[in-house]
Amino acid sequence: MRKRVVVTGLGCVSPVGNNVKDTWSALLAGTSGAAPITTFDASAHKTRFAAEVKGFDAAALFGTRDARKMDRFTQFATAATLEAMQHANFKIDESNRDRVGILIGTGIGGIITLLEQYDVLRERGPERVSPFLIPMMISDSAAGTIAIRVGARGPNMSLATACASGTNSVGEAAEMIRRGSADAMIAGASEAPITSISMAGMNVMTALSTRNDDPQKASRPFDKDRDGFLMGEGSAILILESLEYAQARGANILCEFTGYGTTDDAYHISAPAENGVGAAISMSLALENAGFKPADISYINAHGTSTYLNDKSETAAIKSVFGEQAYKTPVSSTKSMTGHLLGASGALEAVISSLSILENILPPTINYETPDPVCDLDYVPNQPRKATVNNAMSNSFGFGGHNATLILSRYK
């Protein structure tokens with residue numbers, strides 16, 4: 001019999017707050033994290049704004065020496081982990097360190113370090129490249145760095161499924177606990193992709209909004225006038241534990257992990273299947289995994305990127321799975337405020353879904369002004385809504401056709 005898995009701690013660094021409390025307050029206030037880019041000169045780019053993390057001081061958190069050995073995505077992940085562990089009152093020592101694992105996803109990894117050191121190579125020669133280049137840029141840098149810092153010796157890995165990385169990481173970490181490979185997992189994802197080349201690459205794919213005159217209105221999921229997504233950055237971490245382990249240590253249980261599904265469209269490297277078939281199967285698998293029916297879902301945190309194809313196909317997928325119940329189930333995209341954290345987006349949205357259950361509040365989809373006939377569900381427009389949230393579904397879809405769905409539930 002598989003073990004029950006519960007959530008006992010949450011941590012995040014986001015474009016609207018450098019911790020969970022501030023992020024949640026900003027989301028309920030409908031605050032956008034969009035602003036002109038400050039980390040590089042974006043004047044030549046079609047899109048000159050993004051959802052950057054603001055006021056994050058890694059040197060103050062970790063000391064200058066340690067901070068310099070971490071790429072920005074690892075800094076974010078470490079900060080979010082420490083918050084989540086503190087929130088869970090989770091201690092690691094000799095008694096449990098071999099049964100605590102880490103699974104932290106990322107879509108890109110240490111791209112900032114890679115680009116910086118490529119400039120050093122080009123301008124100053126190969127002997128001047130930093131010896132920390134490789135350990136800082138590799139995708140498993142966050143998971144390895146955090147293991148060293150907190151002393152966790154259980155399963156440790158990174159997972160990359162593009163923009164589904166965070167959701168897959170939480171889901172696979174929970175499966176490790178379910179099958180008995182660990183008693184607890186530090187699970188989530190991190191991303192720091194706001195670089196000149198990342199923005200350029202997304203622009204030439206016409207994936208990004210170009211509303212340079214009004215960045216805070218740029219991300220408008222499911223709105224008829226959407227024109228692309230808002231690039232974001234940050235990290236989110238959940239502490240997952242087997243129910244028995246959490247109870248034995250007297251943990252405060254926030255909610256329960258109940259369902260997980262993951263598929264691939266096998267259709268196109270960057271565009272979703274137009275009818276949302278892969279996403280629909282992912283949602284159906286998560287419902288089956290949880291033992292739920294569509295009517296059991298109180299709220300869906302959508303992938304909702306604000307691109308024409310994604311929002312259309314996700315809406316079609318929800319209708320395919322939920323039938324008439326789709327029109328009775330509230331759906332919102334918090335990317336309207338946080339932007340799209342790429343590989344970290346699903347982890348942040350799992351944190352947000354957990355908070356929706358705890359607080360019985362649905363965060364809004366802001367900038368929803370003009371309904372789209374092909375996106376005709378209840379998107380919780382512009383204002384948060386009080387509602388009883390017993391079971392929350394969270395969707396993530398990524399380039400390569402990756403689909404992942406989580407279900408989190410009120411603990412009973």
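At 36% relative accessibility, does Arg149 count as buried, partly exposed or exposed, and which of these words should we choose? Arg149 counts as partly exposed, because its value of 36% lies between the limits of 20% and 50% that separate buried residues from exposed ones. Please keep in mind throughout that we are looking at a predicted model.

Let me stay with Arg149 for a moment, since its side chain meets that of Asp66 in a salt bridge, with 3.7 Å from N to O. The pair links distant parts of the chain, with Asp66 in helix H3 and Arg149 in helix H7, 83 residues apart. Asp66, at 34% relative accessibility, also counts as partly exposed.

The structure holds 18 salt bridges, and I would like to show you a few others. The side chains of Arg211 and Asp227 meet in one, again listed at 3.7 Å from N to O. Arg211 and Asp227 each lie in the loop between H9 and E7, so this salt bridge ties together parts that are 16 residues apart in sequence. Arg211 is partly exposed at 24%, and Asp227 is partly exposed at 30%. Another salt bridge joins the side chains of Asp378 and Arg385, at 2.7 Å from N to O, and here Asp378 has a relative accessible area of 24%, while Arg385 has 30%. Finally, Lys217, Arg220, Asp223 and Glu369 are linked in a network of salt bridges.

Asp223 brings us to Asp372, because Asp223 is on the list of residues in contact with Asp372, together with Phe222, Lys224, Arg226 and Tyr308, once neighbours within four places in sequence are left aside. Asp372 is found in the loop between strands E11 and E12, and with a relative accessible area of 8% it is buried.

Now let us turn to the sheet. It is an open sheet of 10 strands with mixed pairing, and the order runs E5-E4-E6-E7-E1-E8-E14-E13-E9-E10. Strands E5 and E10 stand at the edges, each with a single partner strand, so one side of each is left without a neighbour in the sheet.

If you find E1 in that order, you will see E7 and E8 on its two sides. E1, residues 5–13, runs antiparallel to E7, residues 234–242, and 8 bridges join them, whereas E1 and E8 pair in the antiparallel sense over 3 bridges. Val6 is a helpful residue to follow by eye, as it stands opposite Glu241 in E7 and has Glu256 as its bridge partner in E8. What is the bridge partner of Gly9 in E7? The partner is Ile239. As for cover, 9 of the 9 residues of E1 are buried, so this strand is largely enclosed by the rest of the structure.

Strand E6 also belongs to this sheet, and Ser190 has its place there. Ser190 is buried, with a relative accessible area of 0%. Its contacts, not counting residues up to four places away in sequence, include Phe73, Phe76, Gly105, Gly234 and Ala344. The C-alpha atoms of Ser190 and Gly105 are separated by 6.5 Å, although the two residues are 85 apart along the chain.

Ala344 leads us along the chain to helix H14, which covers residues 345–359 and reaches 21 Å from its first C-alpha to its last, close to the expected 21 Å. Of its 15 residues, 13 are buried, and the helix is followed by Asn360, whose phi is positive, near 55 degrees.

I will end at the surface, where Val204, Met205 and Phe399 make a nonpolar patch of about 280 Å². Val204, in helix H9, is exposed, with a relative accessible area of 68%.

Conventions. Residues are numbered from 1 along each chain as its sequence is written. This is a predicted model: local features need pLDDT of at least 70, side-chain atom pairs count only at pLDDT 80 or more; totals for chains, interfaces and linings use all residues. Side-chain values use heavy atoms; hydrogens and water are left out. Helices (H or I, at least four residues) and strands (E, at least two) are DSSP runs, numbered from the N terminus. The expected span of a helix is 1.5 Å times one less than its number of residues. Buried means under 20% relative accessible area, exposed over 50%, partly exposed in between (1.4 Å probe, protein chains only). Patches are made of residues with over 30% relative accessible area and no salt bridge: like charges are joined within 9 Å, nonpolar side chains (Val, Leu, Ile, Met, Phe, Trp, Tyr) within 5 Å. Accessible areas come from the Shrake-Rupley method with a 1.4 Å probe; for residues, only the protein chains shown count as cover. A salt bridge is a side-chain nitrogen of Lys or Arg within 4 Å of a carboxyl oxygen of Asp or Glu. Two strands pair if DSSP finds at least two bridges between them. Contact means heavy atoms within 4.5 Å.
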